[in-house]
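Here are my notes on the model you sent over. I've kept them as numbered points so you can tick them off with the structure open beside you.

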Amino acid sequence: MKKPLSIALLILIVLIIVISGVFFTAPSTPNFQQYPAGKARKAAFFNYFMPLVTANNQEISIIRAKLLDWRDHKNNIGWWDARQIADLAEQYRVTNFVIDDESSWKKLLIKVDILPPSLVLAQAANESAWGTSRFATSGNNFFGQWCYKKGCGLVPKKRGSDQEHEVAAFNSPQESLESYMQNLNSHQAYKELRAIRAQLRTNKQTITGVALSAGLTKYSERGQDYIAELRAMIKFNKLAKYDK
């Protein structure tokens, strides 16, 4: 007769399943071009991407909660937990992480946090022309992300002769989304965005796309004009409701 699983082991299994995303299966990518431009296409776009954004934010929230628990009980961290923490520090580009150093935890926690859905949806729509751009339809790239290894993606038709970048190709829109969120949460270029988010948390205020968009001056060569356009998209399409 088999012995029943312990409660602790069951909890661990459930946590692993949740974090791995087994409970969430991304729907097949719709052909956004089949919808008339305007309300129909926008509805299809938001209905497709909102569950993906929610799932990714939930995963990040689970990891963040675990990090907070480790930080508050750092004296009880074993070798396996220490290994997981080290992997997360590497993933989020936090160098020289030391478990006993409070500043190390601050650097990591400021990066492991959610992104407001309104901002994610607005950028996805903006960068992919509502899912109809060549990079979105041929490379599942909905956020205009570049790569620099030959053959890593699609070559822009208007790329300068002195340029070598490509627009990254992904296996799915979900993979594109995960890469984009990881980029905003870890790259030095978006340090200001993360600082704004951390301040909102300190003040117990809602993390909004309008607020965090101020930290995207380096996302596009258009700078402030790009930020203004994202904010206009958030307002016109009433996306702020998703941040609540």
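1. Which residues lie nearest the centre of the largest pocket? They are Glu127, Gly144, Gln145, Trp146 and Tyr219, and the lining as a whole has 30 residues. Do keep in mind as you look that this is a predicted model.

2. Staying with that pocket, its volume comes to about 970 Å³. Sorted by class, the lining has 12 polar, 10 nonpolar and 8 charged residues. Two helices, α5 and α7, each supply at least two lining residues. The largest share is from α7, with 4 residues.

3. Now the overall layout. The protein chain has 10 helices and 3 strands. Reading from the N terminus, the order is α-α-α-α-α-α-β-β-β-α-α-α-α. There are 244 residues in the chain, and 39% of them count as buried. As for how the chain meets itself, take the contacts between residues at least 6 apart in sequence: 58% of these join residues at least 24 apart.

4. On to the largest nonpolar core, which has 52 residues. Phe45, Leu67 and Tyr180 are the members that touch the most others. Helices that each supply at least two residues here include α2 (39-72), α3 (79-91), α4 (102-109) and α5 (117-128). Further along the chain, α7 (173-186), α8 (191-202) and α10 (224-236) do so too. Which helix gives the most to this core? That would be α2, with 12 residues.

5. Tyr180 deserves a click of its own. Leaving out residues up to four places away in sequence, Tyr180 touches Leu115, Leu119, Val120, Gln123, Phe143, Gln145 and Tyr219. Two of the names in that list, Gln145 and Tyr219, also turn up among the residues nearest the centre of the largest pocket.

6. Next, the aromatics. The count of aromatic pairs comes to 16. Is the pair Phe49 and Phe142 stacked or edge-to-face? The ring planes stand at 65° with the centres 4.9 Å apart, so this pair is edge-to-face. Phe49 sits in helix α2 and Phe142 in the loop between α6 (134-139) and β1 (146-147), so to speak a link between distant parts of the chain, 93 residues apart. Phe49 and Phe142 are both buried.

7. Compare that with Phe143 and Tyr180. Here the planes are at 10° and the centres 4.0 Å apart, so the pair is stacked. This pair, too, links distant parts of the chain: Phe143 is in the loop between α6 and β1, Tyr180 is in helix α7, and 37 residues separate them. Both of these residues are buried as well.

8. One aromatic cluster is worth colouring in your viewer. Its members are Phe32, Phe45, Phe46, Tyr48, Phe49, Trp130 and Phe142. Phe49 and Phe142, the edge-to-face pair from above, are among them.

9. Two backbone spots to look at. Arg93 has a positive phi of about 60° even though it isn't a glycine. Arg93 lies in the loop between α3 and α4, and is partly exposed with a relative accessible area of 48%. Lys238 is another non-glycine with a positive phi, near 55°. You'll find Lys238 in the segment after α10; at 61% relative accessibility, Lys238 counts as exposed, the cut-off being over 50%.

10. Last, two helix residues and what they touch. Glu192, in helix α8, is partly exposed at 43% relative accessibility. Setting aside neighbours within four places in sequence, Glu192 is in contact with Ala214, Gly215 and Thr217. The C-alpha atoms of Glu192 and Ser213 are 9.7 Å apart, with their positions 21 residues apart along the chain.

11. Ile227, in helix α10, is buried, with a relative accessible area of 2%. Not counting residues up to four places away in sequence, Ile227 touches Ser213, Ala214, Leu216 and Thr217. Ala214 and Thr217 are thus named for Glu192 and for Ile227. From Ile227 to Gly215, 12 residues apart along the chain, the C-alpha separation is 8.7 Å.

Key: Residues numbered from 1 in each chain as written. Predicted model: local features only at pLDDT ≥ 70, side-chain atom pairs only at ≥ 80, totals over all residues. Heavy atoms only, no water. Core = buried A, V, L, I, M, F, W, Y, C linked by side-chain atoms within 4.5 Å. Buried < 20%, exposed > 50% of the residue type's maximum accessible area, 1.4 Å probe, protein only. Contact = heavy atoms within 4.5 Å. Phe/Tyr/Trp six-rings, centres within 6.5 Å; stacked < 30°, edge-to-face > 60°. 1 Å grid on protein atoms, 1.4 Å probe; cavity = no way out; pocket = protein on both sides within 12 Å on 5 of 7 lines; lining within 4 Å. Points joined across faces, edges and corners; volume = space filled by probe spheres on them. Nonpolar A, V, L, I, M, F, W, Y, C, P; charged D, E, K, R; others polar.
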